[in-house]
Amino acid sequence: MTQTTLILVPGLMCDDASWGAVLPALSAHMPCHVVSHGNADSLVTMAQQILDNAPAQFNLAGHSMGGRVALEVLRLAPERVLRLGLLGTGFRPKEAGAAGKEEVKKRQALLDIAHHQGVRHMAQTWVQNMVAPSRLQDAALIEDIVHMFERKSEDVFKRQIKALLERPDASDVLAQTQVPTLVMAGEFDAWASPQQHQQIADLVPARPTVDVVAGAGHMMMMEKPEAVTARFLSWLS
């Protein structure tokens, strides 16, 4: 198996803990590095930060917002990315009209909770839609996710929401993707459905099969690490 570095890109308000359960198995096969978005407030800036610190060529996988960042890395420097993994993510820009206004309203509601009641309270509200329904009673899993969010400030949350609301359309990037591409969705992902991932796969010239992780929601790497790891190792082999 290749020793090319695998760069893992976390999603909104996530950090290395979101990848923590899959890292031991992946690290046994290749060097792995989980990036931090710092105080960046645009997907392009996040992508450029990765390129500024990455090896000449690398494998790349992003989850949620991190998947959108990965697509911006591919847009900026396609010759440097050897393999691409897209998990629980999307590719379309904010919609125009009423649908776009509704997205802004929902994201602002979470920002308001973070501002008035704290990031932890916001995370406790948000996590209800981030895991499979069967895992909502898993107190340890829920606390791990909430605590991960809680490590970041309201200001970071605001910056990352701005980045998402100003996200570019990545349809053209997908249509020009020439590297082996992993497309993975949680069966019960309320944020980025398997159907949305089929739309992603349909744009990629090689038409990759969508890997649906049974019994998982949006936080599939934390919910079903063994299944996610198995798919990763197959993609990287």
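Is Gly88 buried or exposed? In this predicted model, Gly88 is buried, with a relative accessible area of 2%. That value falls under the 20% limit, so the residue is classed as buried.

**Surroundings of Gly88**

Gly88 sits in the loop that runs between strand E4 (81–87) and helix H4 (97–117). Leaving aside residues up to four places away in sequence, Gly88 touches His63, Ser64, Met184, Asp189, Ala192, His197, His218 and Met220. Leu26 lies 62 residues from Gly88 along the chain, and the C-alpha atoms of Gly88 and Leu26 are separated by 19 Å.

**Packing of H4 on H5**

Helix H4, which follows the loop of Gly88, packs against helix H5 (residues 119–126), the two axes coming within 6 Å and crossing at roughly 145°. On the H4 side the contact is made by Leu110, Ile113, Ala114 and Gln117, and on the H5 side by Val119, His121, Met122, Thr125 and Trp126. By type, the residues of this contact comprise 6 nonpolar, 3 polar and no charged.

**The cavity**

A search of the whole structure finds 1 cavity of 30 Å³ or more. The largest cavity has a volume of about 40 Å³. Its lining consists of Leu43, Arg68, Leu71, Glu72, Gly90, Phe91, Arg167, Pro168 and Ala170. Helix H3 (residues 65–76) gives the most to this lining, with 3 residues. The lining of the largest cavity divides into 5 nonpolar, 1 polar and 3 charged residues.

**Salt bridges**

The structure holds 12 salt bridges. Three of the pairs are listed below with their N to O distances.

| Pair | N to O distance |
|---|---|
| Arg75 and Glu72 | 2.9 Å |
| Asp155 and Arg159 | 2.9 Å |
| Arg231 and Asp211 | 3.8 Å |

Glu72 belongs to the lining of the largest cavity and also meets Arg75 in a salt bridge. Both Arg75 and Glu72 lie in helix H3, 3 residues apart, about one turn of the helix. What is the relative accessibility of Glu72? Glu72 has a value of 3% and therefore counts as buried. Its partner Arg75 is partly exposed, with a relative accessible area of 32%.

The side chains of Asp155 and Arg159 also meet in a salt bridge. Asp155 and Arg159 are separated by about one helical turn, because they are 4 residues apart in helix H7 (residues 154–165). Asp155 counts as partly exposed at 38% relative accessibility, and Arg159 counts as partly exposed at 30%.

In the third pair, the side chain of Arg231 meets that of Asp211. This pair links distant parts of the chain, with Arg231 in helix H11 (residues 225–236) and Asp211 in strand E6 (residues 210–213), 20 residues apart. Arg231 is partly exposed, with a relative accessible area of 24%. Asp211 is partly exposed as well, with a relative accessible area of 23%. Elsewhere, which residues are joined into one network by salt bridges that share partners? The network is made up of Asp41, Lys162 and Glu166.

Notes:
Residues numbered from 1 in each chain as written. Predicted model: local features only at pLDDT ≥ 70, side-chain atom pairs only at ≥ 80, totals over all residues. Heavy atoms only, no water. Helix = DSSP H or I, 4+ residues; strand = E, 2+ residues; numbered from the N terminus. Buried < 20%, exposed > 50% of the residue type's maximum accessible area, 1.4 Å probe, protein only. Contact = heavy atoms within 4.5 Å. Axes fitted to C-alpha atoms, helices over the stretch in contact; angles between N-to-C directions. Nonpolar A, V, L, I, M, F, W, Y, C, P; charged D, E, K, R; others polar. 1 Å grid on protein atoms, 1.4 Å probe; cavity = no way out; pocket = protein on both sides within 12 Å on 5 of 7 lines; lining within 4 Å. Points joined across faces, edges and corners; volume = space filled by probe spheres on them. Salt bridge = Lys/Arg side-chain N within 4 Å of Asp/Glu carboxyl O.
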